[in-house]
Amino acid sequence: MRIRRNKFHFTSLGCLRNLMDSEEMIAKLLRHGYEIVGEEELADYLVVNTYGFLASARQEALDRGDLPAEKVEAKAIVTGSMVQKKGDLIRSTFSDIHYLLGAREVEHIVGAARSGQGSVISSGRSYLAAGEIPAFRITPPRYAYTKIPEVCKKACAFCTIPDIKYPLRSKEEKRDLYEFQTLLQSGVEEIILIAQD
């Protein structure tokens, strides 16, 4: 099926774990016939992956309020952990956002692009169990990041990560090994493991 409006621009805010979620979403869009562009004004879809754990990161997301205005006919999709925790704030602050996608909804990015107005914010499973390998890499060709688990077993009073994301999840060992082999075969020389504490 040919997609007429298929160009998207992706902005990834926050930490390396968030960057990996962005890589996964980009890979899904590319596999479904969408095309990534580096300039926002060329995009049919403007996607911002937010990070909601730190006050400075939340402010960075709120400072992106001009996003939809840069190209009125572009569809604005906001995703990530700030959406998971502060979706109502984002929706009330920016009336031009078309779709909100929670931090647990990485696998629904294509549906968000194809839908009209809407949102998916739930307590769904981690994409670690369902992510596509290999994901699209934003990093230089020499190295790549890979998540082994997400979240942690501690319940620190100051930390909102388990509340925003989900309980500790880990990939199966055979999935990790397959991902390592795929990255090495693609020319990656250094694999950097990403996890919480």
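How much accessible surface does the protein chain have, and what share of it belongs to carbon and sulfur atoms? The total comes to about 10100 Å², and carbon and sulfur atoms account for 52%. Such areas come from the Shrake-Rupley method with a 1.4 Å probe, and for residues only the protein chains shown count as cover.

This is a predicted model, in which local features need pLDDT of at least 70, side-chain atom pairs count only at pLDDT 80 or more, and totals for chains, interfaces and linings use all residues. Residues are numbered from 1 along each chain as its sequence is written, and side-chain values use heavy atoms, with hydrogens and water left out.

## Overall picture

The protein chain has 6 helices and 10 strands. Helices (H or I, at least four residues) and strands (E, at least two) are DSSP runs, numbered from the N terminus. Of the 197 residues, 46% are buried. Buried means under 20% relative accessible area, exposed over 50%, and partly exposed in between (1.4 Å probe, protein chains only). A contact means heavy atoms within 4.5 Å. Take the contacts between residues at least 6 apart in sequence: 66% of them join residues at least 24 apart.

## The sheet

Six strands form an open sheet with parallel pairing, in the order β2-β1-β3-β4-β5-β6. The edges are β2 (35-36) and β6 (118-120); each has a single partner strand, so one side of each is left without a neighbour in the sheet. Strands of a sheet pair through backbone hydrogen bonds, either parallel or antiparallel. Here, two strands pair if DSSP finds at least two bridges between them.

The table lists four of the pairings.

| Strand pair | Bridges | Sense |
|---|---|---|
| β1 and β3 | 5 bridges | parallel |
| β3 and β4 | 6 bridges | parallel |
| β4 and β5 | 4 bridges | parallel |
| β5 and β6 | 3 bridges | parallel |

Individual residues show how the strands line up. Phe10 stands opposite Val47 in β3. Asn49 has Thr79 of β4 as its bridge partner, and Thr50 stands opposite Gly80, also in β4. Val78 is matched with Leu100 in β5. Tyr99 stands opposite Gly118 in β6.

Which residues of β3 point each way? Tyr45, Val47 and Asn49 point one way, Leu46, Val48 and Thr50 the other, and all are buried. The strand is mostly covered, with 6 of its 6 residues buried. Strand β4 is also mostly covered, with 6 of 6 buried. Its Lys75, Ile77 and Thr79 point one way. Ala76, Val78 and Gly80 point the other way, and all of these β4 residues are buried.

## Helices across the sheet

Helix α1 (residues 16-31) lies across β1 (7-12), β2, β3 (45-50) and β4 (75-80). It runs at about 170° to β1. Axes are lines fitted to C-alpha atoms, for helices over the stretch in contact, and angles run from 0 to 180 degrees between N-to-C directions.

Is α1 enclosed or open? Of its 16 residues, 12 are buried, so α1 is largely enclosed by the rest of the structure. The buried residues include Leu19, Met20, Met25, Ile26 and Leu29. Among them are also Asp21, Glu23, Glu24 and Lys28.

The length of α1 fits too. At 1.5 Å a residue, its 16 residues should span 22 Å, and its end C-alpha atoms are 23 Å apart, which agrees. The expected span is 1.5 Å times one less than the number of residues. Just after α1, Gly33 takes a positive phi of about 90°.

Helix α3 (residues 81-93) lies across β3, β4, β5 and β6. Its angle to β4 is about 135°.

## Aromatic pairs

A search of the whole structure finds 3 aromatic pairs. Rings of Phe, Tyr and Trp (its six-membered ring) pair if their centres lie within 6.5 Å; planes under 30 degrees apart count as stacked, over 60 as edge-to-face and the rest as tilted.

One pair is Phe8 and Phe10, edge-to-face at 6.4 Å centre to centre with 80° between the planes. Phe8 counts as buried at 0% relative accessibility. Phe10 counts as buried at 12%. Another pair is Tyr143 and Tyr145: the ring centres are 5.8 Å apart and the planes at 85°, so the pair is edge-to-face. Tyr145 is buried, at 14% relative accessibility.
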